[in-house]
Amino acid sequence: MPRRPGLSVRLRLTLSYAGFLAVAGALLLAVVWGYLLRYVPDNPQGLLGISPNRWLLVRTFFPAAAVAMAFLLVFGLVGGWFLAGRMLAPLDRITAAARTAGSGSLSHRIRLEGRRDEFRELADAFDTMLGRLESHVAEERRFAANASHELRTPLAISQTLLDVAREDPTRDRDQLIERLQVVNRRAIDLTEALLLLSRSDRGTFAREGVDLSLVAEEAAETLLPLAERRGIALDVTGAAARVGGSAELLLRMMTNLVQNAVVHNLPTGGTVTVHTEERDGAGVVRVENTGPVLAPELVPTLTEPFQRGTERARTDEHAGAGLGLALVHSVVRAHAGTLDLAARPAGGLLVTVTLPTDPR
């Protein structure tokens, strides 16, 4: 938006300083006149017949006062210009950093020295904002690159299958259709997961009261056949935990947690426990599973998109796209909750989700 040019802040501060000194000098002269000169007799003998009269004092005093006023004005302008420049110097650095960031470079930092004041707090807040922006932009770029790669894989497989079928008309058609359906289903699931992840990140969803215990039971019922096929004991315990949020997103969060616990488990004889409760004004969900021992440095990376945890046991059938815990983290963050991952000493993972209770 174009704006008309105006006085700089430094010039306005300078004029303010000079004006303040001029007003202070004028008030001082007024005090001298009001409380001193007005009581001097205006006659040839002056005060007690030995002091100068008022006319002589005014004639002698006011020229010197005028010189002093002029000096105060000049001193106020020069000193105000200098002081304003010193005071606004941090603002110039902040402005330069903002322009650098506006050009696309987010790695620059102000790092303002000195004691804490308003400018230092502003510079620190700006540095923090730049750090978060840089991290967010890097994450978005990495996410876009990974998403493109993940989406390209099923499309490339489909193209290969079609090319093979074109070159070999005698190939089993039913087998080709079945493989194409599997690949297409994977591409659709990945696309839906990406859309859901974007939706939860934006926080554009209607909020309602949701009982996490019912959501846990629904997710467990859906995934019970998968758990039985893999020989995993799936158990849901606890009490009602009512929170505010999107029932669809919370169901997807719970489903991802339970599916992740079932798939990344022992080959047989494993367990998955889902527990819900209300604690300290919040709804809490704990999903605990058996499995191989996880390296401590691996656990923090599990919520990053497309991070599958190469050391974790899984099958090709349920390898997924690496968005399970990333979706969980995004949904929890959109509901102003917290997500905690902890590797169990005996193997497996303990996931704790804490969400604010429904205020209604």
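Q: In this predicted model, where does His335 lie?
A: His335 does not need to be sought inside a numbered element, for its place is a loop. Strand S6 covers 338-343, and the loop that holds His335 lies between S6 and helix H7.

Q: Is His335 buried or exposed?
A: The relative accessible area of His335 is 3%. A residue counts as buried when this value is under 20%. His335 is therefore buried.

Q: Which residue has its backbone oxygen 2.8 Å from a polar atom of the side chain of His335?
A: A polar contact requires N or O atoms within 3.5 Å, and a distance of 2.8 Å is given for this pair. The backbone oxygen belongs to a residue that is listed among the buried residues of H7. That residue is Val331.

Q: Which residues does His335 touch, not counting residues up to four places away in sequence?
A: The neighbours of His335 include Phe205 and Arg207, as well as Leu355 and Pro356. The list also holds Gly244, Gly245, Ser246, Leu249 and Leu250. The full set is thus Phe205, Arg207, Gly244, Gly245, Ser246, Leu249, Leu250, Leu355 and Pro356.

Q: How many of the 11 residues of helix H7 are buried?
A: Helix H7 spans residues 324-334 and is mostly covered. Among its buried residues are Leu325, Ala326, Leu327 and Val328. Ser330, Val331, Val332 and Ala334 are also on that list. The number of buried residues in H7 is eight.

Q: What is the phi of Ala336, and is this residue buried or exposed?
A: Ala336 is located in the loop between H7 and S6. Most residues other than glycine have a negative phi. Ala336 takes a positive value, near 60°. With a relative accessible area of 61%, over the 50% limit, Ala336 is exposed.

Q: How many bridges join S6 to strand S7?
A: Strand S7 covers residues 349-356 and runs antiparallel to S6. One of the pairings is between Leu339 and Val353, the latter in S7. The number of bridges joining the two strands is six.

Q: Which residue in the turn of the hairpin formed by S6 and S7 has a positive phi of about 115°?
A: The hairpin of S6 and S7 has five residues between the strands. One residue of this turn has the positive phi in question, and this residue is Gly347.

Q: Is Asn289 buried or exposed?
A: Asn289 belongs to strand S5, residues 282-289. Its relative accessible area is 4%, and the limit for a buried residue is under 20%. Asn289 is therefore buried.

Q: Which residue has its backbone oxygen 3.2 Å from a polar atom of the side chain of Asn289?
A: Asn289 touches His264, Asn265, Thr271 and Val272, among others. Its contacts also include Arg344, Gly347, Gly348 and Leu349. The backbone oxygen at 3.2 Å from its side chain is that of Ala261.

Q: Which helix gives the most to the nonpolar patch?
A: The patch on the surface is formed by Leu7, Leu15, Leu73, Val74, Leu77 and Val78, with about 530 Å² of accessible area together. Leu15 has its place in helix H1, residues 9-35, and is partly exposed at 44% relative accessible area. The helix that gives the most, with four residues, spans residues 54-102 and is H2.

Q: How far apart are Ala68 and Gly25 in space, C-alpha to C-alpha?
A: Ala68 is found in helix H2 and counts as partly exposed at 37% relative accessibility. In sequence, Ala68 and Gly25 are 43 residues apart. In space, their C-alpha atoms are separated by 8.3 Å.

Q: What is the phi of Arg111?
A: Arg111 lies in the loop between H2 and helix H3, which covers 118-167. At 59% relative accessibility, Arg111 counts as exposed. Although Arg111 is not a glycine, its phi is positive, at about 50°.

Q: How many helices and strands are there in the chain?
A: Along the sequence, the pattern of elements reads α-α-α-α-β-α-β-β-α-β-β-α-β-β. The chain has 360 residues, of which 34% count as buried. Its elements number seven helices and seven strands.

Methods. Residues numbered from 1 in each chain as written. Predicted model: local features only at pLDDT ≥ 70, side-chain atom pairs only at ≥ 80, totals over all residues. Heavy atoms only, no water. Buried < 20%, exposed > 50% of the residue type's maximum accessible area, 1.4 Å probe, protein only. Polar contact = N/O pair within 3.5 Å; in protein donor to acceptor, adjacent residues only side chain to side chain. Contact = heavy atoms within 4.5 Å. Pairing = 2+ DSSP bridges. Patch = residues over 30% accessible without salt bridge, like charges linked within 9 Å, V, L, I, M, F, W, Y side chains within 5 Å. Areas by Shrake-Rupley, 256 points an atom, 1.4 Å probe, with all protein chains shown as cover. Salt bridge = Lys/Arg side-chain N within 4 Å of Asp/Glu carboxyl O.
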